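Subject: Structure handover

Hello,

I am passing this structure on to you. Please look it over before reading the notes below it.

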Amino acid sequence: MFRASFRGTFTNQRLISLRKASSLSAARERRAPIDVHPEVEDALATGKPVVALESTIITHGMPYPTSLQMAQSVERIVRSTGSIPATIAVIGGRIKIGLHPAELEHLADQRSTTTAVKLSRRDIATAIALKKDGGTTCCSTLIFAALAGIKVFATGGLGGVHRGGENTMDVSADLHELTRCPVGLVSAGVKSILDIRRTLEYLETLGVPVVSYAETHDFPAFYSGRSGLESPWRVNDPRTAAHILHTHWQLGMSNGALFAVPIPAEYEAVGSALQEAVEQAVRESEEKNISNLGKAVTPWLLNRVGELTQGKSLASNVALVENTALVGGQIAVEYAKLAGDRHDQDVRQTLHSASDATSSGTTDDLEGRPVQNTPLIVVGCAAVDITSQPLTDSDLGHQSTSPGKVFMSLGGVGRNIAEAAHRVLSSYSSEFSAATLLVSPVGDDSFGRLLSEETRMLGMRTDGLISVNGGRSSVCSLLLEKSGGLRAGVADMDLVRNMDGHMAREFILAYKPKLLAVDGNLSPDTLKVVVSECLRNGVDAADNISKYSEPTSVVKSASILPAIAGNLDQLALAPIAFASPNLLELAHVYQQAQLMDLTSHDRWWQVLDGLGLGSKFRTDLHLLSRRDASNHDTSRGNLAFLVEKGVAQMAINILPFFRHLVIKCGNLGVIVVMRFTGDDAAESSWSTESTNHHRRCIVSHSSTSGDIVVLQHFPAMQLPSNASINTTGAGDSLVGALLAALVQSPKVFHSAINLQRTIDIAQHAALLSLQSPLAVSPLLSSLHGQLSH
């Protein structure tokens, strides 16, 4: 028996020895109000190119709706290069690194954001404290891009030394920020309303590289490709520009670089006329003392230039911003290639472990108050996964170390499922940010502290993590071959296997969840306690049979059967509401049920007889087995395995133990087998459904008991042909998405339409995690938005 303490709070100590904290993770440790868009987070975590974009041009630089159209166009252009756009802003006092479409529209529509402020370094903290909306200037965008580890930032024009700045000391904070932030700023030079000569001289004093991105050394002047001044350096291809930034990183230099991109040639002709308007606007500003208005000067001048040119300056402004976005995206792609496998393993680790709470809620919302509404509890394994991979297989010598890569991430079946459910639920509404509770023992060691802290940084609850005095946290250490195949591994799961079921029982009694999920790492004795407590409290128990790469997963798949055997006499319904085995696990559960004589139990015979499955069901099954497994890939064969390997027979034979089976068949898709009885059968829409081979669905109605049996095949979704595959958490993500659907609608399986949508969502979640190096893809946090779009 372990001595344990339930913890709602935990140590703030970080495992610096295990990974170097990035600026972003350090800020999040201090609970900074930062939300990273899931797509941006995933890109940064997986080494994809990202381009930062400012938002002052949206809130203050252009009129609506041009501002919105420009912002949307710029993001599309960045995407066209293969990069991910990250428009940066402050909304409601929270820093946003990457915006959702609705947030972009909110900022652009000045009718709804009349109080949006223009944010430089000096304004950030005050605006956040006052819960303001704000557009980020070059200065503040540089700060947040550097904080997130984004290496390229595309904008229209850089601020600089204002005309007469030698007397007024009016110098943009943009210039100094380039000395602090290791980011490549891509712009159409310096705004032509400024003193370009003095700006270049000041940049030289500050030690900021100025590079013309052109065929000549000419330094552009915003509306014109030539200012009459020259840059000390020039490049004309994205690879060389990226190499400059990469060299900065290699040398540990903290400054950025300015890449000056001339406006597209077709707009050069109107440049001189626009410059005349600029000169007039500057004269007027001096005559009207506008120059004394501080940060309001630039918006006034740009607006006045637009008036004087009857909108021609606005067209040029949009064109030069779109052009810098194109160049910025190309540079970011080349930088990602140069960074390669490196892409700061520190950033990759910390961005995963300090995963964004944008769509997932924030930990600030959860602290300092009891959380009563807990519709979903997941009881299972929370582990640290350590993966080692040599550079070549020949490096794996005996009794020696080998050069290679070592990765660390959070894992464990229960933890993966809980994270996936948390992310999917939170993608629907922030009301679900505290809906999922992971209950798992962790040791009072370094790994246990890591699990607790990283779970909190994901925006998830930690009050279910049980600190076991003297216990070793669950750790799985894997040695991979160069190809990625498993060579050997050690899994230390004793803490979970020896978990006292009464620990979980306390949480069931305290929170009375609607749904409880368990994974097969738990011992049969623990599962007995958990299942019995659920049945006493009217909680549906959803059993996810463990899916591991090791052969032992098949053995663990039958751990739930003793709990079923102990409750089979007491219930009219099957003891377990949902189970999600793969094909091998299904076969093992069926075989073990036979060995335990469960298929000789009176209750088993009663249920099977009541199903009334006869020749029509067998005929329908044979017809279904002739269908291709995939709608797109005939090489996957047909569904003959349903009959030839006895998959349908085994599934039907364990329906007395599991009401609904979601059978994971890998690239052959998903098979759902369900039994509805009594009122459920009468009230379900399946009562009016019949077999539909076009929908790959067999429906059988018993004339004696009224039971309904449904067997339906859902083809696997297509993976992109060039996708990298990581199966670590795909199945867990599918289960987490199913649980999220059941939390929102407990009878979601009772309707053919809702079942189709639910399986589609679950497969989409699995697909996202298949393409992520992380067990659970951060993109699940925006799953609802993706599907709605």
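The notes below go from the whole chain to single residues.

This is a predicted model, in which local features need pLDDT of at least 70 and side-chain atom pairs count only at pLDDT 80 or more, while totals for chains, interfaces and linings use all residues. Residues are numbered from 1 along each chain as its sequence is written, and side-chain values use heavy atoms, with hydrogens and water left out.

Overall

The protein has 32 helices and 26 strands; these are DSSP runs, with helices being H or I of at least four residues and strands being E of at least two, numbered from the N terminus. Of its 789 residues, 59% are buried. Here buried means under 20% relative accessible area, exposed means over 50%, and partly exposed is in between, with a 1.4 Å probe and protein chains only. The exposed area is about 31,400 Å², of which carbon and sulfur atoms supply 51% (Shrake-Rupley method, 1.4 Å probe; for residues, only the protein chains shown count as cover). Contact means heavy atoms within 4.5 Å. Among contacts between residues at least 6 apart in sequence, 76% join residues at least 24 apart.

Nonpolar cores

In soluble globular proteins, nonpolar side chains tend to be buried together. A nonpolar core is taken as a set of buried Ala, Val, Leu, Ile, Met, Phe, Trp, Tyr and Cys residues joined through side-chain atoms within 4.5 Å. The largest one holds 97 residues, and Met70, Ile97, Ile150 and Ile331 touch the most other members. Helix α14 (residues 312–339) gives the most to this core, with 10 residues. A second, separate core has 67 residues, including Ala383, Leu478, Ala593 and Leu624.

Not counting residues up to four places away in sequence, Ile97 touches ten residues that are not all nonpolar by name: among them are Ile34, Asp35, His37, Thr87, Phe144 and Ile150.Salt bridges

A salt bridge is a side-chain nitrogen of Lys or Arg within 4 Å of a carboxyl oxygen of Asp or Glu. By this rule the count comes to 27. Asp35 belongs to a network of salt bridges that also links Arg94, Lys96 and Glu103.

Helix α14 takes part in a salt bridge through Glu334, which lies in that helix, while its partner Arg239 lies in helix α11 (residues 238–251), so the pair ties together parts that are 95 residues apart in sequence. The closest N and O atoms of Glu334 and Arg239 are 3.4 Å apart. Glu334 counts as buried at 14% relative accessibility, whereas Arg239, at 38%, counts as partly exposed.

Arg198 and Asp195 also meet in a salt bridge, at 2.9 Å from N to O. Arg198 is partly exposed, with a relative accessible area of 35%, and Asp195 is buried at 15%.

Glu453 and Arg456 form a salt bridge as well, with the closest N and O atoms 2.8 Å apart. Both lie in helix α18 (residues 446–457), three residues apart, about one turn of the helix, and both are buried.

Aromatic rings

Rings of Phe, Tyr and Trp (its six-membered ring) pair if their centres lie within 6.5 Å; planes under 30 degrees apart count as stacked, over 60 as edge-to-face and the rest as tilted. The count by this rule is four aromatic pairs. One of them joins Phe222 and Tyr223, edge-to-face, at 4.8 Å centre to centre with 70 degrees between the planes. Phe222 and Tyr223 are both buried.

Another edge-to-face pair is Phe578 with Phe749, at 5.4 Å centre to centre and 75 degrees between the planes. This pair links distant parts of the chain: Phe578 is in strand β22 (residues 576–579) and Phe749 is in the loop between α30 (730–744) and α31 (752–770), 171 residues apart. Both Phe578 and Phe749 are buried.

The charged end of Arg461 sits over the ring of Tyr511, 5.1 Å from its centre. For this, NZ of Lys or CZ of Arg must be within 6 Å of the ring centre and within 35 degrees of the ring normal.

Two single residues

Ile143 is in helix α7 (residues 138–148) and counts as buried at 17% relative accessibility. Leaving aside neighbours within four places in sequence, Ile143 is in contact with Arg121, Ile124, Glu177 and Cys181. Ile143 and Cys181 are 38 residues apart in sequence and 6.4 Å apart in space, C-alpha to C-alpha.

Met253 is in the loop between α11 and β12 (257–260) and is partly exposed, with a relative accessible area of 35%. Its contacts, leaving aside neighbours within four places in sequence, are Pro182 and His248. Met253 and Thr179 are 74 residues apart in sequence and 9.5 Å apart in space, C-alpha to C-alpha.

Regards
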